[in-house]
Amino acid sequence: MLNHDQYQCPECESMFAAWGHQVLAFSQRVGQAVLLNTRALMMMPLMFGKRIRGEVAHQMFLTGIKSLPVLTVVALFTGMIFALQTGLVLEDYGQEAEVGGGVTIVMLREMGPFMTALIIAASVGSSIAAQLGTMTVSEEISALEIMSINPVRFLVMPRLVALLTMMPLLTLYTNVLAVAGGAIIARSQLGVELQAYLDTAVGIARNKDLYSGLLKATCFGYIINMVACYQGLYTKGGAVGVGVATRSTVVISFLVILITGFILTKVFYG
Amino acid sequence: MIRFENVVKEFSNRPVLNGFNLHVHKGETISLVGTSGAGKSVTLKHMVRLLTPTSGDIRIDGIRINDLNGDELDALRSRFGYLFQSAALLQWMSVFDNVALPLRENTKLPEREIEQKVNHVLDQVGLLPSADKLPANISGGMQKRAGLARAVVIEPDILLYDEPTSGLDPVTSRSIDELIHQLQKDLGVTSVVVTHDMISALTISDRIAMLHQGRVLEVSTPKEFLISENEIIRGFLDSQCISPSFFDEFPEKVLS
């Protein structure tokens with residue numbers, strides 16, 4: 001049941017007015033998040049500055065290198081699970097040799113960017129939100145503003161650069177490992193020779209599959225940064241607020257990534 | 001130098017500053033005291049435009065700052081040093097890098113000159129041996145001193161202190177008071193101190209302003225403040241066991 005009070009709009013006289021208030025507040029938050037990331041995007045030429053490039057490199061290290069262990073495990077097992085499931089079905093029709101093509105197409109087009117984005121949203125996105133949220137509630141962001149240091153240039157832009165550059169590279173890494181994982185299963189469980197697996201993998205995939213997947217990954221990186229930095233910089237309410245910002249970052253990122261993934265698939269293949 | 005003219009600030013239709021008037025003179029140290037929620041920290045944040053008044057004017061050297069933006073706002077803020085209640089040091093940087101940050105970001109000074117300036121202020125606040133430590137690895141008092149070093153390294157005209165002694169033990173609090181007073185003497189800056197700590201306010205201030213319900217109740221010298229007959233001020237002093245003969249009982253407390 002809808003509760004008038006839950007919309008935090010005491011001056012709203014009806015339920016519809018409260019809904020309208022909520023829609024406006026939501027639109028305002030989306031606008032602020034988009035504006036924040038757009039500002040960071042426009043500041044990207046500054047990333048080569050002497051004093052900021054170290055921070056950019058550090059963020060690339062945190063996003064890229066630090067994510068490799070978990071991505072390695074996830075990618076290998078995703079490829080293995082997918083090869084096993086599709087291979088068992090294909091085996092019924094005597095088509096198990098085609099399993100390489102199936103794994104490659106699905107990874108390049110959908111699962112590679114999607115799995116990578118989920119891992120990065122949960123690890124890097126939540127970490128960004130928690131760090132910026134803590135800085136906000138402990139007045140470190142205000143301190144930067146008073147020192148005339150633009151938080152968007154100093155904090156948001158390096159993270160955006162790191163996510164935009166690392167997401168396609170990590171997706172590529174995920175794809176390669178997933179295909180390799182599929183090859184292990186194809187050889188050991190389905191009796192498909194490595195050469196046959198690779199022939200179908202390379203033969204069926206097109207350049208468009210690779211490029212569309214990498215473009216998706218870049219878009220997902222943009223989304224993760226937008227959600228995480230917005231949630232962090234607009235944190236309110238101390239430690240509880242930081243927890244809310246971190247949780248919201250993961251949940252909202254997942255949802256927006258899923259919806260954007262569908263829209264991009266429709267654009268490329270619809 | 002800093003003038004609040006009938007300033008009103010509302011949060012969700014609730015006034016925190018309500019017809020607030022205050023004039024801070026150049027070169028003086030003024031303390032803003034009062035109970036929690038009286039509007040002390042909000043007043044401080046208006047001075048550097050972290051907050052914008054709902055109505056009324058704030059002027060610094062006659063210039064209305066309500067609508068400043070961009071470079072003008074940066075120019076205004078470059079005149080201020082601000083010590084936050086939590087010190088607000090960046091946790092991933094060493095004490096040295098925290099203090100060097102405003103110089104590295106806002107000036108074109110060579111690194112060697114920055115190093116000299118930072119070492120000088122760290123020496124002033126007694127933190128030179130801890131320059132390489134991270135904020136998490138030093139005590140609360142040391143963090144406040146590091147925050148103070150960061151505030152003064154840019155050689156500001158105006159220093160703002162938000163609860164400089166809160167959360168510190170009495171001995172460390174008094175050392176912070178002495179440091180504030182010493183910096184005031186050395187740099188000759190205008191200082192505005194927000195505090196609950198009446199001993200601190202009495203010892204470092206030229207004037208004390210008592211805030212109550214978003215307005216200035218009374219502004220007076222520390223000696224006048226001690227003998228004020230205002231009931232709210234008397235209650236505030238009594239709550240901290242400070243008698244009208246404070247300076248006679250503790251003459252060593254007179255710093256300013």
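Let me start inside chain B, with helix H1(B), whose buried residues are Lys40(B), Ser41(B), Val42(B), Thr43(B), Leu44(B), Lys45(B), His46(B) and Met47(B). This is a predicted model, so please hear everything that follows as a description of a prediction. Helix H1 of chain B covers residues 40–47, and since eight of its eight residues are buried, it is largely enclosed by the rest of the structure. Following H1(B) comes Arg49(B), and its phi is positive, near 60 degrees.

Before going further, a word on confidence. The model scores ipTM 0.87 and pTM 0.87. For chain B the mean pLDDT is 89, with 96% of its residues reaching 70 or more. Within that chain the confidence is highest in H3(B), at 94, and lowest in helix H10 of chain B, residues 246–249, where the mean is 71. As a general caution, where pLDDT is low, the predicted coordinates should not be read in detail.

Staying with chain B, there are two loop residues that I would like to set side by side. Ala87(B), which is not a glycine, has a positive phi of about 75 degrees, and this residue lies in the loop between S6 and H3 of chain B. Glu155(B) also has a positive phi, near 55 degrees, and is likewise a residue other than glycine; its place is in the loop between helix H5 (140–152) and strand S7 (158–162) of chain B. Which of these loop residues is buried, and which is exposed? Ala87(B) has 26 C-beta neighbours inside 10 Å and therefore counts as buried, whereas Glu155(B), with 12 C-beta neighbours inside 10 Å, counts as exposed.

Now to the place where the chains meet. On the chain B side 16 residues are in contact with 11 residues of chain A. The elements of chain B that give two or more residues to that side are helix H2 (70–77), strand S6 (80–83) and helix H3 (95–106). H3(B) supplies the largest share, five residues. By class, the chain B side that touches chain A divides into nine nonpolar, three polar and four charged residues.

Let me turn to chain A. What does its secondary structure come to? Chain A has nine helices and zero strands, so that, if you will allow me the shorthand, reading along the sequence gives the pattern α-α-α-α-α-α-α-α-α. Its C-alpha atoms fill a box of roughly 70 × 55 × 30 Å, taken along the principal axes. Of the 270 residues of chain A, 43% count as buried. Among the contacts in chain A with a separation of 6 or more, 85% are between residues 24 or more positions apart.

How do these helices pack? In general, two packed helices are described by the angle between their axes and the distance between the axes. Helix H6 of chain A, residues 151–188, packs with helix H8 of chain A, residues 207–233, at an angle of about 150 degrees, and their axes are 8 Å apart. That angle is why H6(A) is described as roughly antiparallel to H8(A). The crossing in which H6(A) passes H8(A) is right-handed. On the H6(A) side the residues that meet H8(A) include Leu160(A), Leu163(A), Leu164(A) and Met167(A), and on the H8(A) side those meeting H6(A) include Leu214(A), Ala217(A), Phe220(A) and Ile224(A). Taken together, the residues of this contact divide into 15 nonpolar, five polar and one charged.

H6(A) also packs with helix H4 of chain A, residues 99–137, at an angle of about 145 degrees and with the axes 7 Å apart. Here too the crossing is right-handed, as H4(A) passes H6(A). The contact of H4(A) with H6(A) has 15 nonpolar, eight polar and one charged residues.

I will finish with a single residue, Val227(A), which is found in helix H8 of chain A. Because Val227(A) has 27 C-beta neighbours inside 10 Å, this residue counts as buried. Which residues is Val227(A) in contact with, leaving aside its neighbours within four places in sequence? They are Ala33(A), Gly125(A), Thr249(A), Ile252(A), Ser253(A) and Val256(A). As for Val251(A), this residue is 24 residues from Val227(A) in sequence, and the pair are 9.8 Å apart in space, C-alpha to C-alpha.

Notes: Residues numbered from 1 in each chain as written. Chains lettered and ligands numbered in written order. Predicted model: local features only at pLDDT ≥ 70, side-chain atom pairs only at ≥ 80, totals over all residues. Contact = placed C-beta atoms within 7 Å. Helix = DSSP H or I, 4+ residues; strand = E, 2+ residues; numbered from the N terminus. Nonpolar A, V, L, I, M, F, W, Y, C, P; charged D, E, K, R; others polar. Axes fitted to C-alpha atoms, helices over the stretch in contact; angles between N-to-C directions. Parallel < 35°, antiparallel > 145°, perpendicular 65-115°, else oblique. Left-handed = near helix turned anticlockwise from the far one by under 90°. pLDDT = per-residue confidence, 0-100. Buried ≥ 20, exposed ≤ 12 C-beta atoms within 10 Å, placed from the backbone.
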